[in-house]
Amino acid sequence: MLDLPKEVSKSWFNFDHFYSDTIFYNSLDIVFSSSPNKIMDIGGNTGKFTIEVCKYNKDVNVTIVDLNKQLIVAEKNIKTHGFIDRVSFVEQNMLSDNIDLPKNNDIIWMSQFLDCFSEKEIEYILNQLTEVAHKDTRILIVELFWDNQEFEAAEYCLLGTSLYFTFIANGNSRMYSEKDFKKIISKTKLNLVSQQKIGNYHTLLELRLKE
Ligand SMILES: C[S@@+](CC[C@H](N)C(=O)[O-])C[C@H]1O[C@@H](n2cnc3c(N)ncnc32)[C@H](O)[C@@H]1O
């Protein structure tokens, strides 16, 4: 994103943040209900969720995983907020063959990250996480499912956004239906253990390693 002209980059981030900013704060009680010490924020973007997490709890440590250019932006923002001692940064393409991530995470957080990928890629990424999760790791996924909206207008907005997202991003990105997303999960080595609505439009799924 750093390569985009300034005004284009600003518009992109306004778009990108619009779909998740509102739920970060609302998710924190759910995230901290298990008293996590280590959180891994995959696709941490500009660091917004990580900053909320560090503000909420003074002891937690967070690892942001993202592509190189995003990490530069995230690191700058984390420094500005004074949390650099508690945040580490891991450059990792989650589609690569040799994924190397920190282990012993209490929470693996992916907010509007998996919708950047095709069904096969999501399955691949979820299965990779089984290498770095332990039996108590909570894998938390936030998505906007178009078939889980209270209002028809919201459903149509998401379907329209989905097209925009596909063309402007990497050609694979899209808003999934809950039905299709659950089908992908069922093909992985992870179990869906709970699901709840956060805010008016988002769904939070919790996955764990299969026993
Ligand atoms: C749509 S943004 C979501 C960001 C943030 N989690 C949120 O909720 O607003 C997707 C993030 O995933 C990152 N990303 C995309 N493809 C990736 C890949 N192959 N490996 C690692 N990160 C990737 C992007 O750089 C971006 O920061």
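Biologist: Where does the ligand sit?
Modeller: This is a predicted model, where local features need pLDDT of at least 70 and side-chain atom pairs pLDDT 80 or more, while totals for chains, interfaces and linings use all residues. Residues are numbered from 1 along each chain as its sequence is written, and side-chain values use heavy atoms, without hydrogens or water. A pocket is an open set of 1 Å grid points, over the protein atoms alone, where a 1.4 Å probe fits, with protein on both sides within 12 Å along at least five of seven lines; lining residues have an atom within 4 Å of a point. With more than half of its atoms within 2 Å of those points, the ligand sits in the largest pocket.

Biologist: How many residues surround the ligand?
Modeller: Count residues with a heavy atom within 4 Å. Ser20, Gly43, Asp66, Asn93 and Ser111 are the closest, and the full count is 16.

Biologist: Which side chain has an N or O atom 2.6 Å from a ligand oxygen?
Modeller: Let's go through the polar contacts (N or O pairs within 3.5 Å). A backbone N or O atom of Met94 is 3.0 Å from a ligand nitrogen, and the Asn93 side chain has an N or O atom 2.8 Å from a ligand nitrogen. The 2.6 Å contact to a ligand oxygen comes from Asp66.

Biologist: Which helix gives the largest share of the lining of the largest pocket?
Modeller: Several elements each supply at least two lining residues, including helix 2 (21–31), strand 2 (61–66) and helix 6 (152–168). The largest share is five residues, and they come from helix 1.

Biologist: And for the second largest pocket, which helix gives the largest share of the lining?
Modeller: Phe18, Tyr19, Cys157 and His202 are among its lining residues. The largest share is three residues, from helix 6.

How values were computed:
A polar contact is a pair of N or O atoms within 3.5 Å; within protein, one must be able to donate a hydrogen and the other to accept it, and residues adjacent in sequence count only if both atoms are side-chain atoms. Helices (H or I, at least four residues) and strands (E, at least two) are DSSP runs, numbered from the N terminus.
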